[in-house]
Protein chains: 2
Amino acid sequence: MKADIITIGDEILIGQITDTNSQWIAEQINNIGFEIRRIITVGDDKEQIISVLDSIINEVNLIVITGGLGPTEDDITKQVLAEYFNSELKENKEVLEDVTNFIQSKGFKLNNERNRKQAEVPINCKILRNKNGTAPGMWFEKDETIIVSLPAVPFEMKELVERKVIPELKKDMKLPNIIHKTVLTYGIPEAFLAEKLSDWEQNLNDKIKLAYLPSPERIRLRLSMICEQKKKAEEIINFEIEKLKSIIGKYIFGYGDKFLENIIGELLIENEATLSISESCTAGNVSRLIASVPGSSNYFKGGVVAYSNEIKNKQLKVSQNILEKYGAVSKEVVEAMAKGQRDIFNTDYSIAISGIAGPGGGTMEKPVGTTWIAIAGKNKVISKKYTFGKRRLLNVRFASSKSLDMLRKFILGYYE
Amino acid sequence: MKADIITIGDEILIGQITDTNSQWIAEQINNIGFEIRRIITVGDDKEQIISVLDSIINEVNLIVITGGLGPTEDDITKQVLAEYFNSELKENKEVLEDVTNFIQSKGFKLNNERNRKQAEVPINCKILRNKNGTAPGMWFEKDETIIVSLPAVPFEMKELVERKVIPELKKDMKLPNIIHKTVLTYGIPEAFLAEKLSDWEQNLNDKIKLAYLPSPERIRLRLSMICEQKKKAEEIINFEIEKLKSIIGKYIFGYGDKFLENIIGELLIENEATLSISESCTAGNVSRLIASVPGSSNYFKGGVVAYSNEIKNKQLKVSQNILEKYGAVSKEVVEAMAKGQRDIFNTDYSIAISGIAGPGGGTMEKPVGTTWIAIAGKNKVISKKYTFGKRRLLNVRFASSKSLDMLRKFILGYYE
């Protein structure tokens, strides 16, 4: 089964935004067995949209289109598709209801011609109702090809793909069974991971396809297998994962689509323990990640964004003496922050981070990227120094995930 | 002048990586006057690469290709291009020198067949020498079209574009001037913005192209104009922006590529004022945004992530009495948080946020999405209630940008 993805939007063609939708869609439909052949970006331009559709419609089984469905004049995808599929636009009751509800939920009234027009849809398409915006998804069929048009707003698009498109495709099409298992690793660079795994990879069951998916927060190893019997295939994959564990076990923090903050949530609930966080250079990012997990208020009490020495002193009881003697980015300060935080917030664990995110603030001795992280438990504090890079936002990401991994290992007893 | 961009790489088609090269290239060549018509991603597949080239080569003046130039077996771009342009591969002395130097600079020797092959190039192309890697850029010409092939490693590609491709294009081609100006708005949904602007839009100088670029953090309005005289065009665009200001002035928070946090930084510096932030449901996200701006430590002192009532009481001096009487998500509590925060951290301004991010915690009276935001200045506190949606992470984003916009307006005197 072959698929093409079309992204419509002038803003991508002038380089104003990066198209991240295509990547996400590619991954989702690849997961259910489609081979993605091309990803094509065109502008909000009728002639171009039609020319691209003409050139691919007979060559693939599925075309997923995003973009150009907004209420403004430059958005023309719906009109072009209606014309392309010899249809006409007509107001749809259900869509009108969705649009009205959505607008009302924002505290406005549907008294506007443009928004009302969002409820018009080509009469020959199947509607994919969108509760998160004003543009419904549309599902067309022509000969052997399915054409799906979705809004470009990522969370609207994602919700429609997960709730509607994927289940419908699975129902409509004879897709191969594909099993994926994803092993989540942290703390080892990709090249070293690949080197450690080269023997294992060479001896991997030849029906299994392996992909490395790296990011600052985790490297995912995805094992995929096309199979006839799901159970048998799972056994084969699990066997390989057991081998994997014996080689890189200490870097594996979980399976599936989790992040370190999810695993920490599970560990804290399991241990009936609580957490507080004091952050300097990461300035709330670690707290935000911990709190991104639903139910985190059961174990996360909060923290202090100690962006100035004054706050480190006042709120976390780090003594002026230590701050002056060692500087804000030091073992002594970060350990004092962790202990102060833990005691004042009365939590079982605490994380403390202090670093130089850049671009300013670096010295010869402590260059930009220098970061101290401490973890405090009931009777113990550990700390480590890292030297990340020169890029402010990336340093925040590195320091954040590093601190989460240190807490995970601390709870699991790695530092004993 | 029209241009297409081709990205070659299987890893993009399975959703393994996001193609950020195309965006960057699009912006660069758009800036010098090319209209980008399509961005196309294909796999490392001879038939697909040729089919795409065939379909576009007579339709554009420039094709920029990245990817598929590495030393591994799946990289076939160079061979395919040599064949496509009826050429043959031959070792090039200068390229061999570059490859040798590069490998040596990494502490290795050129003793490997694969790396030596990197020095082979089609004899009929112009070489763009690459000092940062082993793959040279290649410049082909066919009829009226220029085809440039570049490595996919971002910094190698960028260096070649800046140092070679752009200057050569400017020399070779008669390019128009394009001017872009972007107006940043917040606080009005896209459809309402479009309605307010429909008269203005209809009377817009017909040489100006308008695009709406919406996200939860801002809606950008981009005005673009192809022109012969840059100064004249700027006058025309500025004239339209003046009209725009008189219609939607209160929603405009800036120009160019800024976010609310950048503008707040500018305002605080201008007023020599300081800021602290106490967050419940947003859990550090607003602090993180404020601190994402380089130099923010000059005005941002920090804050408290008050994820529990205990912390609201202990760290922000919100009385137990108020917490019990009104609940954590209330006007009274959020105003007490803002005042407590401001006084304890001794800042000129403070932001306080308390809400129900979901999925749990909602009640009939205070459903998921209910959020109170307060801003405190020296002698004044204001607060507002919002009802966002049902999605946890999106609620955090909405509450965060709303609080930043409230602070911006507060500083500017909108609430007086």
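Why does B:Asn92 count as partly exposed? That was my opening note for this structure, which is a predicted model.

**Entry 1: B:Asn92**

I counted C-beta neighbours around B:Asn92 and got 19 inside 10 Å, so the residue counts as partly exposed. A buried residue would need 20 or more. I then looked up where B:Asn92 sits: it is in the loop between strand S4 (89-91) and helix H5 (93-105) of chain B. Leaving out residues up to four places away in sequence, I found that B:Asn92 touches B:Ala119, B:Val121 and B:Ile127. I also checked the distance to one of these, B:Ala119, which is 27 residues away along the chain. The C-alpha atoms of B:Asn92 and B:Ala119 are 5.7 Å apart.

**Entry 2: chain A as a whole**

I stepped back to chain A. I noted 16 helices and 17 strands there. Its C-alpha atoms fill a box of roughly 75 × 60 × 40 Å along the principal axes. Chain A has 416 residues, and 46% of them count as buried. I also looked at contacts in chain A with a separation of 6 or more: 67% of these come from residues 24 or more positions apart.

The domain assignment splits chain A into domain 1 (2-172), domain 2 (178-255) and domain 3 (270-411). I looked up how far apart the centres of domain 1 and domain 3 of chain A are, and the C-alpha atoms give 44 Å.

**Entry 3: where the chains meet**

How many residues of chain A are in contact with chain B? I get 66 of them, and they meet 62 residues of chain B. On the chain A side, the residues divide into 27 nonpolar, 26 polar and 13 charged.

I followed one strand pair across the two chains. Strand S2 (residues 35-42) of chain A runs antiparallel to strand S2 (residues 35-42) of chain B, and five bridges join them. In this pair I found A:Ile40 standing opposite B:Ile40.

**Entry 4: a four-stranded sheet**

Next I traced an open sheet in chain A, with its four strands in the order S10-S11-S9-S12 and antiparallel pairing. Strand S10 (208-215) and strand S12 (252-255) of chain A are the edges, each pairing on one side only. Ignoring direction, neighbouring strands of this sheet are turned by 25° against each other on average.

Inside the sheet I picked out strand S9 (residues 177-185) and strand S11 (residues 218-227) of chain A, which pair in the antiparallel sense over nine bridges. There, A:Thr182 stands opposite A:Arg222 in S11(A).

**Entry 5: nonpolar cores**

Which residues have the most contacts inside the largest nonpolar core? They are A:Met337 and B:Met337, in a core of 132 residues. I looked up the partners of A:Met337, skipping neighbours within four places in sequence. Among them are A:Ser278, A:Ala306, A:Leu316, A:Val318 and A:Ala374. A second, separate core has 84 residues, including A:Ala82, A:Met138, B:Val121 and B:Val148. I had already met B:Val121 as a contact of B:Asn92.

**Entry 6: helix H11 of chain B**

I turned to helix H11 (residues 260-270) of chain B and listed its buried residues. They are B:Leu260, B:Glu261, B:Asn262, B:Ile263, B:Ile264, B:Gly265 and B:Leu268. Their cover includes strand S12 (252-255), strand S13 (275-279), helix H12 (285-291) and helix H16 (392-412) of chain B.

After H11(B) comes B:Glu272, with a positive phi near 45°. B:Glu272 lies in the loop between H11 and S13 of chain B. Is B:Glu272 buried or exposed? It is exposed, because only 9 other C-beta atoms lie within 10 Å.

**Entry 7: backbone oddities**

Most residues other than glycine have a negative phi, and most peptide bonds are trans. I went looking for exceptions.

B:Lys317 has a positive phi near 60°, and I found this residue in the loop between helix H13 (309-316) and helix H14 (320-326) of chain B. B:Lys317 counts as partly exposed because it has 14 C-beta neighbours inside 10 Å.

For peptide bonds, I noted a cis bond from A:Gly358 to A:Pro359, with omega near 0°. A:Pro359 is in the loop between strand S15 (349-355) and strand S16 (370-376) of chain A. In chain B, a cis peptide bond joins B:Gly358 and B:Pro359, with omega about 0°. B:Pro359 lies in the loop between strand S15 (349-355) and strand S16 (370-376) of chain B.

Note on methods: Residues numbered from 1 in each chain as written. Chains lettered and ligands numbered in written order. Predicted model: local features only at pLDDT ≥ 70, side-chain atom pairs only at ≥ 80, totals over all residues. Contact = placed C-beta atoms within 7 Å. Nonpolar A, V, L, I, M, F, W, Y, C, P; charged D, E, K, R; others polar. Pairing = 2+ DSSP bridges. Domains from an automatic or database assignment. Axes fitted to C-alpha atoms, helices over the stretch in contact; angles between N-to-C directions. Core = buried A, V, L, I, M, F, W, Y, C linked by C-beta atoms within 7 Å. Buried ≥ 20, exposed ≤ 12 C-beta atoms within 10 Å, placed from the backbone.
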